[in-house]
Every structure is written in C-alpha cells, then in structure tokens.
Amino acid sequence: MKKASESQFNELHSLVTEDFLKRIKSGEASTQDLRAACEWLKTNDITGVVFKGSALDKLRGVMPQVDPELVKRRMYAANSKVL
C-alpha cells in the first residue's frame with residue numbers, strides 16, 4: 001500500500017479544516033463537532049493569544065474562576081469524614 005503524498009495530506013487537512021469552519025460559522029456544529037474541532041486544533045499545535053476584545057477574551061470572561069486549592073481542601077475534607 002502506497003503512502004499518501006504530501007499534496008494529498010495537505011488537501012485532506014484543508015478539507016477537514018474547511019468543513020469545521022463551515023459547520024461552526026453556519027451554527028450547525030454539534031457539541032461533538034466543536035470538541036472535534038478543538039482536538040483538531042490541539043493536534044495541529046494551534047494556540048491562541050488572548051487580547052482585549054478577542055473571542056478568547058470573551059470566552060475567558062464567561063468561564064467561572066476555579067481556585068485549585070479550594071477544590072483540593074473541599075475534596076479531601078469530604079473524603080476524610082468518618083461515617
């Protein structure tokens with residue numbers, strides 16, 4: 001079996017990316033599509049920089065702040081109770 005050529009890989013990469021864009025922009029993307037698109041970005045080492053007013057900045061603004069130390073204290077305190 002012959003391996004795909006670089007141009008074939010590039011074409012496939014482009015088609016997958018374009019399909020994700022089309023679904024997301026049209027509003028038709030399911031939660032599974034969005035997760036797959038995030039994984040696609042991660043797999044391809046695509047990162048973003050947060051700057052004031054950007055989409056990532058807006059997302060950061062709606063995400064709840066989590067205090068890891070508070071989570072640990074509450075987890076271990078709950079697990080250490082004698083029943």
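# Briefing: helix packing and the largest pocket

Asp33 is placed in helix 2, where helices (H or I, at least four residues) are DSSP runs numbered from the N terminus. The model is predicted: local features require pLDDT of at least 70 and side-chain atom pairs count only at pLDDT 80 or more, while totals for chains, interfaces and linings use all residues. Residues are numbered from 1 along each chain as its sequence is written, and side-chain values use heavy atoms, with hydrogens and water left out. The mean pLDDT of the protein chain is 88. A search of the whole structure yields 1 aromatic pair, and the largest pocket has a volume of about 220 Å³.

**Confidence**

- At pLDDT 70 or more stand 93% of the residues of the protein chain, pLDDT being the predictor's confidence in each residue, from 0 to 100.
- Among the elements of the protein chain, helix 1 has the highest mean pLDDT, 94, and helix 4 (residues 68-79) the lowest, 84.

**Helices 1 and 2**

- Helix 1 has 21 residues and spans 30 Å from its first C-alpha to its last, close to the 30 Å expected at 1.5 Å a residue; the expected span is 1.5 Å times one less than the number of residues.
- Helix 2, with 13 residues, reaches 18 Å between its first and last C-alpha, close to the expected 18 Å.
- Just after helix 1, Gly27 adopts a positive phi of about 85°.
- Helix 2 is followed by Asp45, whose phi is also positive, near 55°, although Asp45 is not a glycine.
- Asp45 belongs to the loop between helix 2 and helix 3 and counts as exposed at 67% relative accessibility; buried means under 20% relative accessible area, exposed over 50% and partly exposed in between (1.4 Å probe, protein chains only).

**The aromatic pair**

- After the single pair found by the search, the geometry follows: the ring centres of Phe20 and Trp40 are 6.4 Å apart and their planes meet at 50°, so the pair is tilted.
- Rings of Phe, Tyr and Trp (its six-membered ring) pair if their centres lie within 6.5 Å; planes under 30 degrees apart count as stacked, over 60 as edge-to-face and the rest as tilted.
- The pair links distant parts of the chain, with Phe20 in helix 1 (residues 6-26) and Trp40 in helix 2 (residues 31-43), 20 residues apart.
- Phe20 is buried, at a relative accessible area of 15%, whereas Trp40 is partly exposed, at 24%.

**The largest pocket**

- The lining of the largest pocket consists of His13, Thr17, Phe20, Leu21, Ile24, Lys25, Ala37, Trp40, Leu41, Asn44 and Ile46.
- Helix 1 and helix 2 are the elements that give two or more residues to this lining, and the largest share, 6 residues, comes from helix 1.
- On a 1 Å grid over the protein atoms alone, a pocket is an open set of points where a 1.4 Å probe fits, with protein on both sides within 12 Å along at least five of seven lines; lining residues have an atom within 4 Å of a point.
- Grid points are joined across faces, edges and corners, and the volume is the space filled by probe spheres set on the points.

**Buried aspartates and their contacts**

- Asp33 counts as buried at 15% relative accessibility.
- Leaving aside residues up to four places away in sequence, Asp33 touches Phe20, Arg23 and Glu28, a contact meaning heavy atoms within 4.5 Å.
- Asp57 is placed in helix 3 (residues 55-62) and is buried, with a relative accessible area of 18%.
- With residues up to four places away not counted, Asp57 touches Val50, Phe51 and Lys52.

**Val50 and separated residues**

- Val50 lies in the loop between helix 2 and helix 3 and counts as partly exposed at 38% relative accessibility.
- The contacts of Val50, not counting residues up to four places away in sequence, are Leu56, Asp57 and Arg60.
- Val50 and Glu18 are 32 residues apart in sequence, and their C-alpha atoms are 23 Å apart.
- Phe9, in helix 1, counts as partly exposed at 48% relative accessibility; its C-alpha atom is separated by 29 Å from that of Leu56, 47 residues apart along the chain.
- Tyr76 is in helix 4 and counts as exposed at 54% relative accessibility; Tyr76 and Glu39 are 37 residues apart in sequence and 32 Å apart in space, C-alpha to C-alpha.
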